[in-house]
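Me: Got a minute to go through this one with me? I'd like to start with the overall picture and then look at some strands.

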Amino acid sequence: MYKNHSEKVQKIISGILDLKEHTKDLLSSIEKNSDLNAFNSISKDVVEKAASVAEKIKSGKHGKLAGMTVAVKDVISVKNEPLTCSSEILKNFKPLYDATVVEKLLEEDAIIIGKTNCDEFAMGSSNENSAFGPVLNPVNKNRVPGGSSGGSAVAVAAGLCDASLGTDTGGSIRQPAAFVGIYGLKPTYGLVSRFGLTAYASSFDSIGPFANNLDDLSAILEVISGEDKKDSTSSGKKFTRESLENLDASKLKIGYPKEFFGKGIQSEVKENFLKVIQKLKSAGIEISEVSLPHNEYSIAAYYILTTAEASSNLARYDGVRYGVRDLNSTELKEMYEQTRSIGFGKEVKRRIMLGTYVLSSGYYDAYYKKAQKVRRLIKNDFDNVFDNFDLILSPTTPTTAFKLGEKTNDPLQMYLADVYTTSANLAGIPGLNIPIGFDNDNLPIGMQLMSNQFCEDKIISFAKILENEMNLS
Amino acid sequence: MHEIYEPVIGLEVHAQLSTKTKIFCACSTKFGNPPNTNVCPVCLGHPGVLPVLNKKVVEYSIKMGLAVDAKINSHSVFARKNYFYPDLPKGYQISQFELPICENGKIDITSQDGSIKSIGIKRIHMEEDAGKLIHERDNETFIDANRCGVPLIEIVTEPDLRSPKEAYDYLTNLKLILTYLDICDVNMEEGSLRCDANISIRKKGDKKLYTRTEIKNLNSFRNVEKALEFEFNRQIDLIENGEDIVQQTLLWNADLNEATPMRGKEEAHDYRYFPEPDLVPAKISNDRIDEIEKSLPELPSLKFERFIKNYSLSKYDAEILISSIELADYFEKVCKTTNEFKSASNWMISEVLKYLNEHKLDITQFPISPEHLGKLINLIKDGTISGKIGKDVFEFMFNSDEDPEKIVNEKGLLQISDLSELEVMIDSIIAKHPKDAEDYRNGNKKVIGFFVGQVMRETNGKANPQLVNKLLTEKLSRSI
Ligand SMILES: [Zn+2]
């Protein structure tokens, strides 16, 4: 119907596409595909909003994302729309304010179509940890879509919206993007405001876009990035599409980490990846092996630090002020215990307990402090590589989408699904999933492009070469 | 028996900073607003909100640090203190743990023997206040979140205090510094100043301390002193009776004058401190510190020294006059008009403060300008009016702050020092009271008071008292 958002706007202007009708169709399409379970809620007045944006487009006074239908992961605040975090404990909660990213999308006339299902409080790698049931992979409904931003990835992959926002704490954008075969970018920590993002692990969480093309992805990133006075960790830096124009991506130096091809990697993932490397080499791209020696500790450091932060971030859900409360309790302590026992799912409880443990007196130095040191080492590894290279190329995930239920009883196996992605969050650098092919079961394979902090322009420019010239996707 | 022990005391004072807005959001800090009206998603801990540090809080904290000669850390880190309580919306308090904003300061107090003793300030850190629980009826508890996020500094001493009196004196000086810096309302009743005390005992000369206890719920400086006395004695009694001191937190009950242990459950906390990931460290440049240092007022201890030196005041007078910046300023303005410093100090302490107390005013609301008070003092000094008339003029000035000279002239209050006028008057008075005059000559010298009274009555108190005395003595001894 249209290959990207600019084309959509052109079609609206020329009258070929009626935004209001098109949006209505989209809503019925969401309805028809409800078995995918991608959405937790649909926004009020979507059609009216579409009509008013259509007017704006006609009048020529419209924002950069006018008419783009965007789904928002249900851990990001949209004023007066439910914010459940896919958790029982917030199933009745509606926020009083818009997240900064939502404010920015609305300013540019995007249409927030609804809130997408995800792992509870963004904790998970398969979207099976949602209080509202798992999301199915549209490529193969027996497979997981990845997590935690499964709903956002699926909504785009299944054509239920133009683009979506997800959040990535350890791979939660890139991994589901890889599993469903679309683009998904985790930006540099601090490039996009976190204000309004329900915190899982504050020093890791990043909001980023999913799209099925790079133009839309960069358009969204341009809008949502930039300084936010409401977020003290906001860097003040902004991504602009202009920066892509002056960049000759064919001159960029690419490295691929040798540590990423050990045991646990699916052979087709490895083969496809090496094929891409070959193609790049023969296209004259400078590409060679690099080393990230501390990557093997990334999962351990990641789970210590993120659970520590999570145990504190999730303390506010106590039934006292908002959300669900256990009404049978007669004492304060009992009320806390019952509310949180009933309100949180298994994985969330597991991480709260782990995090509480690693912060406890007597264990803090052995776990939290040590993991912080490892985090620094992992950052140093990247710094060393980026001294000589512009981009790091790696598989996004060791395997393609696994079966529903396959890993739910084995949390450690589940955690390893993020083995290539957590290090970017530990180092605060950006990472983009690029679809590069399919395995023997026709499941999408993803490749990850990482760069130094705030070099999203390099990532996107290079991805464009792959998109246009290498004919990968 | 008690004399062989000494207490080792440390204090933790929480001072609410008098910024207009809260520490991490733009809500008002105004005290006394209806419950839950000074709130927003940030201070209510709603999902997704983030704290943004109020720069005034940093400035005020640095002021306090500089005022107590502390080291200001150029890089200061916030930390989360985790615990569950309904008055704590996020389930953690944003505070500081490692790298507080100030460390290693001191506040001087005067010991019982008059020497100066420095009380070490271990640290000063910034943090947010919690809300307030309101317990009503049988089983209902309400939460007022207005106080959530009101900025606090916690000022922690070294265990340098050796008596409850020293604790009291330290608090008095601390309060004075906060007042001078104008960074805290120092109102213990409204909770803008709160104090917890740690106390342990040891035998004098020993290094070894017995187990320490903590006392909370101290709502006045006097109660701090009383509670420490109570606890000092209680600990001694335990040791003397061969019992153990239990490490615990006690709550002071001001009505019963006793401290009772807090329930065990409430105090067993592992706060799981870790660096606050939502805030970047507060970075403070030397330039900023210099700038703030320049803005500091003259501190109470320096003013005290200067008053004694420049105005030749007693320690007692100086201490009273520096008890607020405004009072001290008023005094200094009076001293610009008159050189009678001692007399100015007397007027301030006896008359001015008396008036302010009676009318529940502070010095900024005092109706008489310092220039006029200075002039009045000069009028008395040069004999234009008597001291007694001076008090009358002072009272006139309450109602209309006019130039005392003008009042004296208009109301005809000039002192009568005219010899002939007084002589005629005294002759006639003596003539009217021959019996009393005879009493005097027979040796009852006290009768002279009666004659002075008569003269003063006749002159409406305007007669120069020295002159009247002199004349009466002469004439009564002579006349037959
Ligand atoms: Zn607020």
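**Chain B, a quick chat**

Reply: Sure. Chain B has 16 helices and 16 strands, and keep in mind that this is a predicted model.

Me: What radius of gyration does chain B have, and what would a compact globule of 480 residues have?

Reply: Chain B comes out at 31 Å, whereas a compact globule of 480 residues would be near 23 Å. Along the principal axes, its C-alpha trace spans about 100 × 55 × 50 Å.

Me: And how much of chain B is buried?

Reply: Buried residues are 39% of the 480.

Me: What share of the contacts with a separation of 6 or more comes from residues 24 or more positions apart?

Reply: That share is 70% in chain B.

Me: OK, switching to strands. Which way do S2(B) and S6(B) run relative to each other, parallel or antiparallel?

Reply: Antiparallel, with two bridges joining S2 (residues 71-72) to S6 (residues 102-110). In that pairing, Ile72(B) has Cys102(B) of S6(B) as its bridge partner.

Me: What about S6(B) with S7(B), how many bridges there?

Reply: Eight, again in the antiparallel sense, and S7 of chain B covers residues 116-128. One of the partnerships is Asp108(B) with Ser118(B), the latter in S7(B).

Me: How many residues sit between the strands in that hairpin, and which one takes a positive phi?

Reply: Five residues lie between S6(B) and S7(B), and Gly114(B) has the positive phi, near 95°.

Me: How do side chains sit along a regular strand?

Reply: As a general rule, they alternate between the two faces of the sheet.

Methods. Residues numbered from 1 in each chain as written. Chains lettered and ligands numbered in written order. Predicted model: local features only at pLDDT ≥ 70, side-chain atom pairs only at ≥ 80, totals over all residues. Helix = DSSP H or I, 4+ residues; strand = E, 2+ residues; numbered from the N terminus. Rg over C-alpha atoms; globule rule 2.2 N^0.38 Å. Buried ≥ 20, exposed ≤ 12 C-beta atoms within 10 Å, placed from the backbone. Contact = placed C-beta atoms within 7 Å. Pairing = 2+ DSSP bridges.
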